[in-house]
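Colleague: I am new to this structure and would like to learn how to read its features one by one. Could you show me the model and take me through it?

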Amino acid sequence: MKIKTLSRPVDEYTRERSQDLQVVFHNFDPSLRPMEKAVEYKRALTAAKLEKIFARPFVGAMDGHRDGVSCMAKNPNYLKGIFSASMDGDIRLWDISSRRTVCQFPGHQGAVRGLTVSTDGNVLVSCGTDCTVRLWKVPRPTLEDSSVSSENFIEPAAEYVWKNAFWAVDHQFEGELFATAGAQLEIWNHNRASPVQSFQWGTDSVISVRFNPGEPDILATSASDRSITIYDLRMSSAARRIIMMTKTNSIAWNPMEPMNLTAANEDGSCYSFDGRKMDEAKCVHKDHVSAVMDIDFSPTGREFVTGSYDRSVRIFPYNGGHSREIYHTKRMQRVFCVKYSCDATYVLSGSDDTNLRLWKAKASEQLGVILPREQKKHEYNEAVKNRYKHLPEVKRIVRHRHLPKPIYKALGIIRTVNDSKRRKEDRRRAHSAPGTIVTKPLRQRRIIKEVE
Amino acid sequence: MGEKRRSTSKTLGKNKRRKGPHLPNSILKTIANEKRPLNSDEEDDEIDSDDAIVDLYEYEEGVPEEESRKNNRYDPVVNYNYELPEDFEDENVESDDDDEGGNSDNEEGEGDDVVRHTRMLQAVTGMPSAAFDGESKRKPVLFTEAYPESEFNPTRDVLEGKGLLTIDELMAPIEGKPGFNELEKRISRMQKDAQAVVHAPLPKPERERLERKAVKGLVDKEFNKWVHMVKRNREAPTVYFNQNVSLGYSTVGAIASEFQPRTDFEKKMASVLNDNELGEAHDEDGAKLLELNEVSVEDQIKYRDHIAKMRSLLFRHELKSKRIKKIKSKTYHRLKGKDLKKSAMGALMDPEMAKEEAMKQEARRVEERMTLKHKNTGKWAKRMISRGLNVKYDGTRAAISEQLQINATLSRKMNSTNDGSSSDESDDEEELNDGSDQDTPSKLIAKAREKTLKTVEDDEVPNSGLLSLPFMARAMKKKNEEAIEGGKRALEEYEEWENSGGEENPKKTAVVSGRRVFGATAKVEAPKESRKDSDNFYDNSDSDNDTEGIENNDLGAVRDTASPARNTGAITETEFDDDVENPASKTTFDVALFASGSWKKMKGCQNAETKKKLKKHVPYSKGQDKKESRDDESEDSESEAEEMVDGILTSASKETYEIPSQAELIQRAFAGDDVVDEFEKEKQEVLNQEVPEPEKPVLVPGWGQWTNIQKKRGLPSWMVREHEDAKKKRTLDLKTRKDARLRHVIISEKVDKKVEKLHTTTLPFPYTSKEVFEHSMRMPIGPEFNPATIVGSLNRPEVVKRAGVIIKPLKFEEANPNEKVDDEHPRSNQKQNPKKGGKTGKGQSKGKSKQKTKA
């Protein structure tokens, strides 16, 4: 027979060290705590306020270029390194932690338009308006990097001159190929002086190219004829192309969902597409008031960062219509390039004011080592806030963002314009025979057609 | 390919049959023979044979049924009255396959017929079968051409361009000549190649479009293979990106396996450890270990030297001790002894010394306990503590704690050093003392009880003398009874004392006071009770008189339930009579009156008889004087009792008692309160509060009153209109209320503004129903409200990543149908699926609470 007894062994209830937590017993009977919901709501409110208080996203600026930063590349193999190039042909490698230039890559005569690094982080590829593609050997990161104050210059490992100016370059994931965009799409090998493959569809120049990180042979380009095209390198032919109403400045593939890509459009919106079904966007991300210049996905695939001509950087959820966050400073000018760091913790932006800026991906995140209890507390705050985010008080605080005056005004104007358009359409529909006026949904409205 | 070829050959045959030039039969036959080796397939053969048969006639006429069955011996008439056999199966049951089989059988049958026919002819005529071959089916051929066809007189088909020459036709003349076979082979090869017709190339855009279409399909396929992974990722409540971080070695085993011997010793060890022979020996029985355990000469020498050294050391030590023992100086030995004593070793070694030490320790302990010298009772320590300096300065604190430490060590009981007997004794004594201290009162109580019991028990009555007289005896008896009563009471008290004494410390004064308090309250209460009693006592008559008639009419059961109410009613009445200004009592009086009034009402409506009786009784009660009633109290009560008894008796004897219906009983039980009326009033109040009546239009004093015209006109029309509008609106509001048609319900439509902030205006996006959304908020997620084991999973964010860990893009994995849900991170599905989670949570909580209540 089993006899149940109350027992309280001493060993279980004494702490081994004074730092250990005391064993505390709770009775979780909900009837004992009638106010738990109220308590949690209050906590959510407090958490929302605290988040606002601690929201200090700007970490630092990297100053050194003498012209606007045109493009950036992150080293997929090394977190602290970031490459940037400017309109005067200057390429720099930055050490993010110390925010200083590690070395420079001189050589380009005109603006550098494209920059990319091979997956192993050894080869840097740059191209620009001087019709050259240059390959550089990336110096191995050493401990002395940060301490060396004198900037060292690196000679290009290879220099290939080609027929036309280049607009963009991107490296294949885990491969030897890279693609340049110019008058046409060209695929290069590291060791060949001329492209191994070239694609052309139409006569307009290609302005951006991006390889699919999941499917290394698939890449997407956007051209100045307002088209977005998907190519497959194995097939020597394009797969799909859509024509939109406005030009697409940049494309990013979702690294966790290889079929999905998001296009940064000139009309200030981003469009997420499914690569298999391009005639309709999966999601329209609206918030920028001017052209979106660059886009980069977080390695987690859950959000992406965009830089815009309206002098702001925004972070969008991958499936959300509006941005989660907007970053801006007084001194930041037109943003030409943005990057999400490889550990999804930081965001980098390069702008016309010759600076690179380092931001936290989560504005109120605590940096540095976080003790487990702290971590738990943060998680709890986040969870509670997330739970009550729909209630008006919490929502107001969580959603509030201070906007620069020009953006605020522009948003107002855009809203007015849209309202009047809608009104007009409503009236038109009301005064015409039913069925004659068909409104396309927003997700199709900006897409003209899919080219066969 | 084979299929195609067959079809082509068929078409060829057809062409030949229909449009070909009418060649002589012999040529056709030869051609057919030539074709045979080309197509070696069986089916082709069949077809060829068909062709050969079909080739020979142009026009085929349907053969009459009778003719085809010429040799049928049965009279066809039988078929008309054909009866279905018993095992006949319906057509529908048969499958297509069966049909086909049947068809083929039929064909074979036909073929058989033909063969049989020819065989018969052959037998009859004795001519070869070839002569009859085809004869039966040959029909006269119609020739439309005037002249036989030749190259100068081609057929119309040829002229029209239809008559194409085939290669076979061209080939026919040169058959059998040298080189024919080679040529034929080449031609057949050419024919094979010619199957794929080379078209003119498509225009480039068209071609590219086709190409793209193909690519599109391939790319889609490529993308599709990721779907399961993407789906899994998206549906996961949490995605982990911090998992694949290699932190070097994970286990001790892994570290050990990587170990490389570097120094000589390590190498030696490794060589021994990794020696297979040794391992085997160890595994087997160990006998071989002895063999392997060879000792080298050097080792032996080393060992011997070591032993020798130790011996010499021992010898020297002996010498030394001998020398010391020889020393006669007393001071030297005394000092040495002291040293020994001081050392704990000495104490341990010598039992006498240890005893002495213990004695000393005990003395010190006693001293310490008496003086409390080290308990920081000194002036300095007190000062330090009072000023809080011991907290402030480490030194002070250390000093004070040191003192306490000394105190603790000194006052500690030395069990080990004490003699067993003495300690036992002292323990016993102590225990005894403690016991006596504690148990004195209880013992006393016990004694007292014993005594009282004795007194109670021996209540012998003397049988002689004065005390034996009857009245004395009676008095004695009474006294005795009293005494016994008192004794019993005392006993009870003792018991009580004992019980309380067991729990409480008798030394505490609080207990005494507590008892005293209890006594006081008892005192206070007692008079109250008595007064109440008296009140009841006095007014019983009154109330009885009031309600007597009713009670008489009513039955015993009701009477019992009604009596307490009656009593209270009576009390309040008397109090009212005495003009007691107590609001509480007044209210109760009101209630009582109300109750009685309703009672009367109820009665009135119930039956007339009671009413009459009531009327009879009421004046009597009213006319009754109070004093009188007091005088008659005992009588009344007696009479009442009698009546009651009578009533019961009578009811029992007469058996006129009828069990009232349930509704009646309920009506009687709740006769006092008119719930419906009250509720209606309440509802009206609520309505007025929530939809207030519009105020009557009033002119502001001084405005519009100074002319007669205004007075005559009355209120301005707009005011009246407004008022009416407001009234209309109110009625409308009342009508549209949810409880407008529900008579027994009040649904409050008051909106609490403070609560409004806790509601969303619309249902938030991912949720599709209100219930699910509310469920998602139902259970708290905090660590205070949940066990520590699930708090982590409740609060886990959607993306778990670590700063400084590079996240690689998705790598392709094949879909595993047997894959389980990630067990490593168990997580309640509350977050992912609000509905589900909420429900389960609810269930759990319910179960829990139930358990609690049960326990």
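**Reading surface, salt bridges and burial**

Modeller: Let us begin with one residue, A:L50, which is partly exposed, with a relative accessible area of 34%. Please keep in mind throughout that this is a predicted model.

Colleague: Where does A:L50 lie in chain A, and which nonpolar surface patch does A:L50 help to make?

Modeller: A:L50 lies in helix α2 of chain A, which covers residues 36-54, and together with A:I53 and A:F54 it makes a nonpolar surface patch of about 290 Å². A residue can be part of such a patch only with over 30% relative accessible area, and A:L50, at 34%, is partly exposed.

Colleague: Which residues gather in a patch of positive charge on the surface?

Modeller: That patch draws on both chains, since A:K42, A:K49 and A:R396 gather there with B:K754 and B:K757. Taking one of them, A:R396 is placed in helix α4 of chain A, residues 392-399, and it counts as exposed because its relative accessibility is 61%, where exposed means over 50%.

Colleague: Before we go further into single residues, how many helices and strands are there in chain A, and what share of its residues counts as buried?

Modeller: Chain A has six helices and 30 strands, and of its 452 residues 51% count as buried. Its accessible surface comes to about 21,700 Å², with 52% of that belonging to carbon and sulfur atoms. If we take the contacts in chain A with a separation of 6 or more, residues 24 or more positions apart account for 50% of them.

Colleague: How should I read a salt bridge, and how many are found over all chains?

Modeller: The idea is to look for a side-chain nitrogen of Lys or Arg within 4 Å of a carboxyl oxygen of Asp or Glu, and a search of the whole structure finds 45 such salt bridges over all chains. One of them joins A:K74 to A:D296, with the closest N and O atoms 3.0 Å apart. This pair links distant parts of the chain, as A:K74 is in strand β2 (residues 69-74) and A:D296 in strand β23 (residues 292-297), 222 residues apart.

Colleague: Are A:K74 and A:D296 buried or partly exposed?

Modeller: A:K74 counts as partly exposed because its relative accessibility is 21%, whereas A:D296, at 6%, counts as buried. In another salt bridge, between A:R134 and A:D130, the closest N and O atoms are 3.6 Å apart, and both of these residues are buried.

Colleague: What does the salt bridge between A:E280 and A:R443 tie together?

Modeller: In this salt bridge the closest N and O atoms are 3.8 Å apart. A:E280 lies in the loop between β21 (269-274) and β22 (283-286) and A:R443 in helix α6 (residues 442-445), so the pair ties together parts of chain A that are 163 residues apart in sequence. A:E280 is buried at 19% relative accessibility, while A:R443 is partly exposed at 36%. Salt bridges can also share partners, and in this way A:E215, A:D217, A:D232, A:R234, B:E222 and B:K225 are joined into one network.

Colleague: Which side chain of opposite charge is nearest to B:E368, which has no salt bridge?

Modeller: The nearest is B:K373, 7.3 Å away, and B:E368 is buried yet has no salt bridge. B:E368 is placed in helix α19 of chain B, residues 351-371. Leaving out residues up to four places away in sequence, it touches B:K373, B:H374, B:K375, B:N407, B:L410 and B:S411.

Key:
Residues are numbered from 1 along each chain as its sequence is written. Chains are lettered from A and ligands numbered from 1 in the order in which they are written. This is a predicted model: local features need pLDDT of at least 70, side-chain atom pairs count only at pLDDT 80 or more; totals for chains, interfaces and linings use all residues. Side-chain values use heavy atoms; hydrogens and water are left out. Patches are made of residues with over 30% relative accessible area and no salt bridge: like charges are joined within 9 Å, nonpolar side chains (Val, Leu, Ile, Met, Phe, Trp, Tyr) within 5 Å. Accessible areas come from the Shrake-Rupley method with a 1.4 Å probe; for residues, only the protein chains shown count as cover. Lys and Arg count as positive and Asp and Glu as negative; His and the chain ends are not counted. The place of a charge is taken as NZ of Lys, CZ of Arg, CG of Asp or CD of Glu. Helices (H or I, at least four residues) and strands (E, at least two) are DSSP runs, numbered from the N terminus. Buried means under 20% relative accessible area, exposed over 50%, partly exposed in between (1.4 Å probe, protein chains only). Contact means heavy atoms within 4.5 Å.
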